Amino acid sequence: MAAYYTASYDILDEEEYAKYGPPAMELMLKYGAEVLSIDFQAITIEGNGRHMNAIVRFPSVELALQCYNDPAYLPLKELRLGCTKGCTMMLLHGLT
């Protein structure tokens, strides 16, 4: 069953954040991910919007968690946390 990783956060340091995307994308692809949306101009309908919003589809919850827990992701996670704030990440179970 597919799983959907969602992330929303505000970017504090654009230059530092630019170092995050390419290696994070490469790692996600290793686990069969498909990036469905990366949006820096999302329209907030309710609640508090964030600057960066993403939806990534993984083939399964297991693969999504393996990607997140991959030792190669730890320095990328630290990089992201150092140049962003207000991060919310969720892993949603797909219907099929």
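Five bridges join strand β2 to β3 (residues 52–58), and the two strands run antiparallel. Strands here are DSSP runs of E with at least two residues, helices are runs of H or I with at least four, and both are numbered from the N terminus. The model is predicted: local features need pLDDT of at least 70, side-chain atom pairs count only at pLDDT 80 or more, and totals for chains, interfaces and linings use all residues. Residues are numbered from 1 along each chain as its sequence is written, and side-chain values use heavy atoms, with hydrogens and water left out.

Within the β2–β3 pairing, I38 stands opposite A54 in β3. The sheet is open, has four strands in the order β2-β3-β1-β4, and pairs antiparallel. Two strands pair if DSSP finds at least two bridges between them. β2 (34–39) and β4 (84–93) each have a single partner strand and stand at the edges, so one side of each lacks a neighbour in the sheet. The twist averages 10° from one strand to the next.

Helix α3 (residues 61–69) lies across β1 (3–11), β3 and β4. Contact means heavy atoms within 4.5 Å. The helix runs at about 155° to β4. Axes are lines fitted to C-alpha atoms, for helices over the stretch in contact, with angles from 0 to 180 degrees between N-to-C directions.

Four aromatic pairs are present. Rings of Phe, Tyr and Trp (its six-membered ring) pair if their centres lie within 6.5 Å; planes under 30 degrees apart count as stacked, over 60 as edge-to-face and the rest as tilted. The ring centres of Y20 and Y73 are 6.4 Å apart and the planes stand at 65°, so this pair is edge-to-face. Y20 lies in the loop between α1 (14–17) and α2 (21–30), and Y73 in helix α4 (residues 73–83), 53 residues apart. Both are buried, meaning under 20% relative accessible area, with exposed over 50% and partly exposed in between (1.4 Å probe, protein chains only). Ring pairs link Y9, Y17, Y20, Y68 and Y73 into a cluster.
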